Amino acid sequence: MNRLRQAVENNGGKTLLGAALYFYDPLFLEICARLGYQAIRIEMEHAHITCPQAADLCRMSAGSGMLTMIRIPDTRRDSVLTAAECGPDI
């Protein structure tokens, strides 16, 4: 079972609360975690977040128990593989 399905089941089948990150700000991520957000989407399509920054955000959100998703700018193979190497859940 993947982490998304497990999180939805643990939430009683209800929709998860999530936020989108359009900038590299670990403090915002921490605030979201403390407020009870369950998922974070790292926006690399419409914002300038680098791959090392996205990897940091993935590690921080995983440490706080949140699911992590990355929205990539295009479907080129290198974009997909680079985003996957950052360590998102979805």
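This is a stop-by-stop tour of a predicted model, from the whole chain down to single residues.

**Whole chain**

Start with everything shown. The chain has four helices and three strands. Trace the chain along its sequence, and the pattern reads α-β-α-β-α-β-α. The radius of gyration is 13 Å, close to the 12 Å that the globule rule gives for 90 residues, so the chain is as compact as a globular protein of that length. Align the view to the principal axes: the C-alpha atoms fill a box of roughly 35 × 30 × 20 Å. Of the 90 residues, 27% count as buried. Turn on contacts between residues at least 6 apart in sequence, and 50% of them join residues at least 24 apart.

**The sheet**

Select the three strands. They form an open sheet with parallel pairing, in the order 1-2-3. Strand 1 and strand 3 stand at the edges; each has a single partner strand, so one side of each is left without a neighbour in the sheet. Look at the twist next: from one strand to the next, it averages 20°.

**Strand 1 to strand 2**

Now select residues 18-21 (strand 1) together with strand 2. The two run parallel and are joined by four bridges. Pick A19, and its bridge partner in strand 2 is I40. Move to A20, whose bridge partner in strand 2 is R41. Then follow the backbone out of strand 1. The chain passes through helix 2 (residues 26-34) before reaching strand 2, and this β-α-β crossover is right-handed.

Keep helix 2 selected. Helix 2 packs on the sheet, where it touches strand 1 and strand 2. The direction of helix 2 makes about 175° with that of strand 1.

**The loop before strand 2**

Stop at Q38, in the loop between helix 2 and strand 2. Is Q38 buried, exposed or partly exposed? Its relative accessibility is 25%, so Q38 counts as partly exposed. Draw a distance from the C-alpha atom of Q38 to that of G18: the separation is 5.7 Å, although the two residues are 20 apart along the chain. Beyond its neighbours within four places in sequence, Q38 is in contact with N11, T15, L16, L17, M66 and L67.

**Strand 2 to strand 3**

Select residues 39-43, which make up strand 2. This strand is mostly covered, with four of its five residues buried. Add strand 3 (residues 67-71), which pairs with strand 2 in the parallel sense over five bridges. Pick E43 and look across to strand 3: R71 stands opposite. The connection here goes through helix 3 (residues 51-63), and strand 2, helix 3 and strand 3 make a right-handed β-α-β unit.

**The core**

In soluble globular proteins, nonpolar side chains tend to be buried together. Which residues have the most contacts inside the largest nonpolar core? Select I40, I42, A54 and I70, the residues with the most contacts in this set of 16. Strand 1, helix 2, strand 2 and helix 3 each supply at least two residues of this core. The largest share, four residues, comes from helix 3.

**Last stop: I40**

Zoom in on I40 and hide its neighbours within four places in sequence. The contacts that remain are A19, L21, L29, C32, M66, L67, T68 and M69. A19 is also the bridge partner of I40.

Terms used
Residues are numbered from 1 along each chain as its sequence is written. This is a predicted model: local features need pLDDT of at least 70, side-chain atom pairs count only at pLDDT 80 or more; totals for chains, interfaces and linings use all residues. Side-chain values use heavy atoms; hydrogens and water are left out. Buried means under 20% relative accessible area, exposed over 50%, partly exposed in between (1.4 Å probe, protein chains only). Two strands pair if DSSP finds at least two bridges between them. A crossover is right-handed if, with the strands pointing away from the viewer, the path from the first strand over the helix to the second runs clockwise. Contact means heavy atoms within 4.5 Å. Axes are lines fitted to C-alpha atoms, for helices over the stretch in contact, and angles run from 0 to 180 degrees between N-to-C directions. A nonpolar core is a set of buried Ala, Val, Leu, Ile, Met, Phe, Trp, Tyr and Cys residues joined through side-chain atoms within 4.5 Å. The radius of gyration is taken over C-alpha atoms; the globule rule is 2.2 Å times the number of residues to the power 0.38.
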